[in-house]
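Me: I would like to go through the helix and strand assignments for this structure and ask what each label rests on.

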Amino acid sequence: MFIYLEDTLITDPKLLYEKSYEIRRHNMKTIVKAKLGHTGGDLSVTDILTTLYFGVLNVDPSNPTDPERDRLILSKGHCSGAFYTILAYRGFFPVEMLDTYEQALSPLNGHPSNTKLPGIEASTGPLGHGLPFGVGTAIAAKMDKSPRRVFVITGDGELQEGSNWEAAMSAAHHKLDNLTVIIDRNGLQQGDYTEATNRLEPLADKWRAFGWEVVEVDGHDHAALLDLFQRVPLQKGKPTCVLAHTHKGQGVSFVKDQVGWHHRVMTQEELAQALVELGEVQA
Ligand SMILES: Cc1ncc(C[n+]2csc(CCOP(=O)(O)OP(=O)(O)O)c2C)c(N)n1
Ligand SMILES: [Mg+2]
């Protein structure tokens, strides 16, 4: 079995960019093979996840339960396709296992389970649970007087779940400057725009009002993401909210910003075009 291992963090944004497109290509092939997956949301969050796993997080795939590791919680668990691809490329399990995505008896379920695969900190899928889990994880780190950090990635539509706002209030109250939430602000949820469904704006002001330090960033700019993640917490005694402006379907022209691609699967012809756009070198 082939295991792709990275020994050191990547600090060159160009290499992170190339890695994220290699991951996108594999991810799209996996979804088409499985005939299931969340095409748009995977492409939206890939640059954020790639920058964290390859450029920022203190994690060791050969010792995935090290108590002092950083914790990444993918609250938008429906984007398991991107998540598993990145975990496999990072060395947590063999890349070949991606071929079993969504198949019966495979540990690569449609939504990630922390009892089935190494590297997954929280079972997610039901939206609105990652941030409350992350607050508890960050409080535990404070109680242990540990420098480990907690990163939670949420969708934007997901913020319509009230549990997020209880967790946001609690995080500020407990001065959790070891906690960073990253919002994948692609403007779309399942079936419509967030602002047409249940308006979120003014979103940055809402987080500020809840006591968080807020920063906005281009969620597809690896250099900006890397610089930002290396600098958190932005203010001592406050949790950090990264409002990452993204495009659902980033990298594939006919998927980008389209309402209909939340969980549509590409045809073989569409996949062929997508792979060209995602930089696959033609034989
Ligand atoms: C509690 C709950 N309600 C509904 C769903 C079904 N669901 C899966 S993804 C999704 C939309 C999520 O939109 P968003 O958070 O913006 O994610 P993204 O755009 O990044 O895919 C919904 C409603 C769910 N997983 N959990
Ligand atoms: Mg969204």
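Helix crossings and a strand pair

Reply: The model is a predicted one. In it, the axes of helix H2 (residues 39-55) and helix H8 (residues 222-231) come within 10 Å and cross at roughly 50 degrees.

Me: Why are H2 and H8 called oblique to each other?
Reply: Angles under 35 degrees count as roughly parallel and 65 to 115 as roughly perpendicular. The angle here is roughly 50 degrees, which falls in neither range, so H2 and H8 are oblique. Their crossing is right-handed.

Me: Which residues make that contact?
Reply: Asp47, Ile48, Thr51, Leu52 and Gly55 on H2, with His222, Leu225, Leu226 and Phe229 on H8. By class, the contact of H2 with H8 has 5 nonpolar, 3 polar and 1 charged residues.

Me: What makes H1 roughly perpendicular to H8?
Reply: The axes of helix H1 (residues 13-34) and H8 come within 8 Å and cross at roughly 115 degrees. The range for roughly perpendicular is 65 to 115, so H1 gets that label relative to H8. Pro13, Leu16 and Tyr17 of H1 meet His222, Ala223 and Leu226 of H8. That contact divides into 5 nonpolar residues, 1 polar and no charged. The crossing of H1 and H8 is right-handed.

Me: How do you know that strands E1 and E2 pair?
Reply: Pairing requires at least two bridges. There are 4 between E1 and E2 (residues 150-155), so the strands pair, and they run parallel. Arg71 stands opposite Val150 in E2.

Me: Which way do the residues of E1 (residues 71-74) point?
Reply: Arg71 and Ile73 point one way, Leu72 and Leu74 the other, and all are buried.

Technical notes. Residues numbered from 1 in each chain as written. Chains lettered and ligands numbered in written order. Predicted model: local features only at pLDDT ≥ 70, side-chain atom pairs only at ≥ 80, totals over all residues. Buried ≥ 20, exposed ≤ 12 C-beta atoms within 10 Å, placed from the backbone. Helix = DSSP H or I, 4+ residues; strand = E, 2+ residues; numbered from the N terminus. Axes fitted to C-alpha atoms, helices over the stretch in contact; angles between N-to-C directions. Parallel < 35°, antiparallel > 145°, perpendicular 65-115°, else oblique. Left-handed = near helix turned anticlockwise from the far one by under 90°. Contact = placed C-beta atoms within 7 Å. Nonpolar A, V, L, I, M, F, W, Y, C, P; charged D, E, K, R; others polar.
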